[in-house]
Amino acid sequence: MEFHTERTFRYHPRPLQMEKLFERSAYVVIDGREVPVLSLEDELVLICVHGAKHFWERLMWIADVAP
């Protein structure tokens with residue numbers, strides 16, 4: 001996960017509550033180890049923020065939110 005905090009979230013309408021992101025996190029198993037990941041809902045919001053920041057100029061960013 002890569003946060004572009006200085007560029008992206010400076011213009012975000014609300015500050016992100018990082019503690020809440022970690023409270024809602026889930027885990028996936030990779031190579032036998034549990035790795036923390038964002039909840040599906042938080043991941044969707046951040047994918048949308050990222051795509052909007054770039055004006056959805058890449059088809060892959062649109063595909064990221066497609067069902």
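# Questions on a predicted model

Me: What is the relative accessible area of Trp56?
Reply: Trp56 is partly exposed, a class that lies between buried (under 20% relative accessible area) and exposed (over 50%), found with a 1.4 Å probe and protein chains only. The model is predicted, so local features need pLDDT of at least 70 and side-chain atom pairs count only at pLDDT 80 or more, while totals for chains, interfaces and linings use all residues. Residues are numbered from 1 along each chain as its sequence is written, and side-chain values use heavy atoms, with hydrogens and water left out. For Trp56 the relative accessible area is 30%.

Me: Where does Trp56 lie, and what is its phi near?
Reply: Helices (H or I, at least four residues) and strands (E, at least two) are DSSP runs, numbered from the N terminus. Trp56 belongs to the loop between α3 and α4. Its phi is positive, though Trp56 is not a glycine, and is near 50 degrees.

Me: Which other residue in the loop between α3 and α4 has a positive phi of about 55 degrees?
Reply: The residue is not a glycine. At 71% relative accessibility, it counts as exposed. The residue with this phi is Phe55.

Me: Which helix gives the largest share of the nonpolar patch?
Reply: Patches are made of residues with over 30% relative accessible area and no salt bridge; like charges are joined within 9 Å, and nonpolar side chains (Val, Leu, Ile, Met, Phe, Trp, Tyr) within 5 Å. The nonpolar patch on the surface consists of Leu44, Trp56, Leu59, Ile62 and Val65, and together they have about 440 Å² of accessible area, by the Shrake-Rupley method with a 1.4 Å probe, where for residues only the protein chains shown count as cover. Three residues of the patch come from residues 59-65, which is helix α4.

Me: How many salt bridges does a search of the whole structure find?
Reply: Side chains of opposite charge can pair when their charged atoms come close. A salt bridge here is a side-chain nitrogen of Lys or Arg within 4 Å of a carboxyl oxygen of Asp or Glu. By a search of the whole structure, the number of salt bridges is two.

Me: Why are Lys20 and Glu23 separated by about one helical turn, and how far apart are their closest N and O atoms?
Reply: The separation is about one helical turn because Lys20 and Glu23 are three residues apart in helix α2 (residues 18-23). Lys20 is partly exposed at 36% relative accessibility, whereas Glu23 is exposed at 59%. They form a salt bridge, and their closest N and O atoms are apart by 4.0 Å.

Me: Which residue forms a salt bridge with Asp42?
Reply: The closest N and O atoms of this salt bridge are 2.9 Å apart. The pair links distant parts of the chain, 18 residues apart: Asp42 is in helix α3, and its partner is in the loop between α2 and β1 (26-30). Asp42 is buried at 10% relative accessible area, while the partner counts as partly exposed at 41%. The partner of Asp42 is Arg24.

Me: Which residue has a side chain joined to that of Asp42 by a polar contact of 3.1 Å?
Reply: A polar contact is a pair of N or O atoms within 3.5 Å; within protein, one must be able to donate a hydrogen and the other to accept it, and residues adjacent in sequence count only if both atoms are side-chain atoms. The residue lies in the loop between β2 and α3 and is buried at 8% relative accessibility. Its side chain makes the 3.1 Å contact with Asp42, and the residue is Ser39.

Me: Which residues does Ser39 contact, leaving aside neighbours within four places in sequence?
Reply: Contact means heavy atoms within 4.5 Å. With those neighbours set aside, Ser39 is in contact with Arg24, Ser25 and Ala26.

Me: How far apart are the C-alpha atoms of Tyr27 and Ser39?
Reply: Tyr27 lies in strand β1 and is exposed at 52% relative accessibility. Apart from neighbours within four places in sequence, Tyr27 contacts Glu34, Val35, Pro36 and Val37. Tyr27 and Ser39 are twelve residues apart along the chain, and their C-alpha atoms are separated by 8.8 Å.

Me: What separates the C-alpha atoms of Val37 and Leu21?
Reply: Val37 is part of strand β2 (residues 33-37) and counts as partly exposed at 29% relative accessibility. Not counting residues up to four places away in sequence, Val37 touches Ser25, Ala26, Tyr27 and Val28. Val37 and Leu21 are 16 residues apart along the chain, with a C-alpha separation of 9.4 Å.
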